[in-house]
Amino acid sequence: YKNSAAVFAGKVVGIDKTSHPLVAYITIQVFDVWKGNIPPTFTVVTNKGSEACEFPFALNADYLVYAIPDGNMLS
């Protein structure tokens, strides 16, 4: 929590693995926010590929997200 820029819970409503060769964009419908200024629908970025530590987000699944800055996005 202390080292995260944002902490929130929500459901994955979109997964885009085609727009960028190295990352996937995960769109989350946010339920609760404990840290950060997170809107009701928010997109985070994750690396693609097991060697890049990709997290296997699943569509329609709920997650508790601890996000850190990654350029102008959160990862």
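The chain in this predicted model contains zero helices and six strands. Following the sequence from start to end, one meets the pattern β-β-β-β-β-β.

Four strands come together in an open sheet, and their order across the sheet is S3-S2-S1-S4. The pairing in this sheet is antiparallel. Strand S3 (41-47) and strand S4 (62-67) take the edge positions; each has a single partner strand, so one side of each remains without a neighbour in the sheet. From one strand to the next, the twist averages 50 degrees.

A helpful place to look at the pairing in detail is the partnership of strand S1 (residues 6-16) with strand S2 (residues 23-35), which runs in the antiparallel sense over nine bridges. Here Asp16 can be found opposite Tyr25 in S2.

Turning to the chain as a whole, its C-alpha atoms fill a box of roughly 30 × 25 × 20 Å along the principal axes. The radius of gyration is 12 Å, which agrees with the value near 11 Å for a compact globule, because that is what would go with 75 residues. Of the 75 residues, 32% count as buried. The accessible surface of the chain comes to about 4700 Å², and carbon and sulfur atoms account for 54% of this surface.

Contacts offer one more view of the fold. Where contacts join residues at least 6 apart in sequence, 54% of them link residues at least 24 apart.

Conventions: Residues numbered from 1 in each chain as written. Predicted model: local features only at pLDDT ≥ 70, side-chain atom pairs only at ≥ 80, totals over all residues. Heavy atoms only, no water. Pairing = 2+ DSSP bridges. Helix = DSSP H or I, 4+ residues; strand = E, 2+ residues; numbered from the N terminus. Axes fitted to C-alpha atoms, helices over the stretch in contact; angles between N-to-C directions. Rg over C-alpha atoms; globule rule 2.2 N^0.38 Å. Buried < 20%, exposed > 50% of the residue type's maximum accessible area, 1.4 Å probe, protein only. Contact = heavy atoms within 4.5 Å. Areas by Shrake-Rupley, 256 points an atom, 1.4 Å probe, with all protein chains shown as cover.
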